[in-house]
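Visitor: I would like a close look at one part of this model: the pairing of charged side chains. Please place it within the rest of the chain as you go.

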Amino acid sequence: MTANHDKALVLLSGGQDSTTCLYWAIDRFGRDCVAAISFDYGQRHRIELECAAAIAAHAGVTHVCLPIDTFASLGGDALTDRDVDVCCDVDEQTGLPNTFVPGRNLIFLTFAAAYAYQREIGHLVVGVSQTDYSGYPDCRSQTIESLQETIRLGMESRVQIHAPLIHISKKETVELARDLGALDTMAVTHTCYNGTRPPCGECPACLLRAKGFAEAGIEDPLITTS
Ligand code: ZN
């Protein structure tokens, strides 16, 4: 199948980074050529999915949420397993924090590619970043490039995976959001690992977000409006 090289599908988690990517895609491809996709993977905080829908509505793009209820059954990570607390501790063997959900981005991108294939969408946009992050191996550019190659081979397609934030810092992501006119929409995003609104301000995700806004010298609309 020949993909339409003018259409893009954005993986929208409900957070700050994927929201910035949504506006990046709108800027690059045009609002009418952009759609958003989210995954219900059994995340503890349902608020993420509510935020994703609100963000898409705010940005004026179509949005679909696909159910994948397998991750919670795998267990052991703090984002899907209610028995595991979110903390900054890293696993001694892997060096990864317990907020790492093994395989998540690989599965999301593969499902998104299949969804895009069926609709002749040629571009996927994902908000992963290997800068300022917790060392998640599925946020590395090498992983994304390799997966793009695998999907191209496995689906006989020319799909292109864009990761506009991959090499930029949280501060630069905030500046990019400002430049793309995405700041207003930041008020309806969700980042906190503890799932609270207003955000807890203490978890690793809240601290990283606050640091990015502080370094960019911009007030976080989520904090000022909640
Ligand atoms: Zn928090």
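Guide: A salt bridge here is a side-chain nitrogen of Lys or Arg within 4 Å of a carboxyl oxygen of Asp or Glu. The model is predicted, not experimental. Searching the whole structure gives six salt bridges. In general, side chains of opposite charge can pair when their charged atoms come close.

Begin with Asp40 and Arg46. Their closest N and O atoms are 2.6 Å apart, and the two form a salt bridge. Arg46 is partly exposed, because its relative accessibility of 36% falls between the limits of under 20% for buried and over 50% for exposed. Asp40 is the end residue of strand β2, which covers residues 34-40. Strand β2 runs parallel to strand β3, residues 62-67, and six bridges join the two. Within this pairing, Ile37 has Val64 as its bridge partner in β3. Helix α2, residues 47-59, completes a right-handed β-α-β unit with β2 and β3.

A further salt bridge belongs to helix α6, residues 170-179. There the side chains of Arg178 and Asp179 meet at 3.1 Å, N to O. Arg178 is partly exposed at 41% relative accessible area, while Asp179 is exposed at 57%. The buried residues of α6 are Lys170, Thr173, Val174, Glu175 and Ala177. Their cover includes α1 (16-29) and α7 (204-216). Just after α6, Gly181 adopts a positive phi of about 75°.

Helix α7 has a salt bridge of its own, between Glu215 and Lys211, at 3.3 Å from N to O. Both residues lie in α7 and are four residues apart, about one turn of the helix. The relative accessibility of Glu215 is 41%, so Glu215 counts as partly exposed. Lys211 is also partly exposed, with a relative accessible area of 40%.

The loop between α6 and α7 holds Cys192 and Cys203, 11 residues apart. They belong to the zinc site. The zinc ion is coordinated by the SG atoms of Cys192, Cys200, Cys203 and Cys206, at 2.3 to 2.4 Å. Along the chain, these donors follow the spacing C-x7-C-x2-C-x2-C. The arrangement is tetrahedral because the four donor atoms subtend angles of 102 to 117° around the zinc ion. For comparison, the ideal angle for four tetrahedral donors is 109.5 degrees. Unlike the partly exposed Lys211, Cys192 is buried, with a relative accessible area of 1%. Cys203 is buried as well, at 4%.

The wider setting is a chain of eight helices and five strands. From the N terminus on, the elements run β-α-β-α-β-α-α-β-α-β-α-α-α. The chain has 226 residues, of which 52% count as buried. Among contacts with a separation of 6 or more, 73% come from residues 24 or more positions apart.

To return to the request: the pairs described above, among the six salt bridges found, are Asp40 with Arg46, Arg178 with Asp179, and Glu215 with Lys211.

Conventions:
Residues numbered from 1 in each chain as written. Predicted model: local features only at pLDDT ≥ 70, side-chain atom pairs only at ≥ 80, totals over all residues. Heavy atoms only, no water. Pairing = 2+ DSSP bridges. Right-handed = clockwise from strand over helix to strand, strands pointing away. Buried < 20%, exposed > 50% of the residue type's maximum accessible area, 1.4 Å probe, protein only. Contact = heavy atoms within 4.5 Å. Donors = N, O, S within 2.8 Å, 3.2 Å for Na, K, Ca; no water. Tetrahedral: all angles 85-135°; square planar, octahedral: opposite > 155°, others 65-115°.
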